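Reader: Could you take me through one part of this model up close? I'd like to start at the surface and then work inwards.

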Amino acid sequence: MKVVIADTSPLNYLILMGVVDVLPRLYHQVLIPGEVVSELAEPGAPPVVVEWARHLPAWVEIRATPVSSEPLDRLDAGERAAILLAEAQQSPVLLLIDDAEGRAEAERRRIPVTGTLGVLRAAAAPRLG
């Protein structure tokens with residue numbers, strides 16, 4: 001079973017578009033580090049996003065960020081935490097991330113990625129079988 005981990009921006013955009021519920025239909029469960037929840041709920045975030053972050057649906061599981069000695073300073077806290085969490089998984093993983101530098105770092109680490117548009121494309125694709 002594939003483990004799906006989300007960074008902040010795909011969740012933010014899917015919530016704002018009113019289609020975040022495609023995630024459990026596509027992936028059943030999504031893991032997020034605490035840093036992502038903090039970013040979604042920070043001052044200045046859209047109220048609907050803050051509300052969602054305060055009342056996470058049952059299909060979202062918060063996981064602790066693994067400790068790393070590598071700083072990854074060019075990434076924000078959510079991207080860094082999501083990449084480290086993805087890297088620590090034993091099962092095949094898919095990382096939902098939009099930021100170009102974050103995607104490049106994940107790909108450098110051989111972590112499969114998709115972004116908001118990839119999620120929307122997967123949700124729109126006809127199901128076989």
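**From the surface patch to the cores**

Author: Let's start with Y13, which is partly exposed because its relative accessible area is 42% (buried is under 20%, exposed over 50%, partly exposed in between, with a 1.4 Å probe and protein chains only). Keep in mind that this is a predicted model, where local features need pLDDT of at least 70, side-chain atom pairs count only at pLDDT 80 or more, and totals for chains, interfaces and linings use all residues. Residues are numbered from 1 along each chain as its sequence is written, and side-chain values use heavy atoms, leaving out hydrogens and water.

Y13 sits in helix α1 (helices are DSSP runs of H or I, at least four residues; strands are runs of E, at least two; both are numbered from the N terminus). Together with L16, M17 and V48, Y13 makes a nonpolar surface patch of about 380 Å² accessible area. Patch members have over 30% relative accessible area and no salt bridge, and nonpolar side chains (Val, Leu, Ile, Met, Phe, Trp, Tyr) are joined within 5 Å; a salt bridge puts a side-chain nitrogen of Lys or Arg within 4 Å of a carboxyl oxygen of Asp or Glu. Areas are Shrake-Rupley values with a 1.4 Å probe, and for residues only the protein chains shown count as cover. Helix α1 (residues 8–17) brings the largest share of the patch, 3 residues.

Now inwards: the largest nonpolar core has 23 residues, with L11 and L23 making the most contacts inside it (a core is a set of buried Ala, Val, Leu, Ile, Met, Phe, Trp, Tyr and Cys residues joined through side-chain atoms within 4.5 Å). α2 gives the most to this core, 4 residues. A second, separate core of 16 residues includes L84 and A86, which are among the buried residues of α5.

Methods: Patch = residues over 30% accessible without salt bridge, like charges linked within 9 Å, V, L, I, M, F, W, Y side chains within 5 Å.
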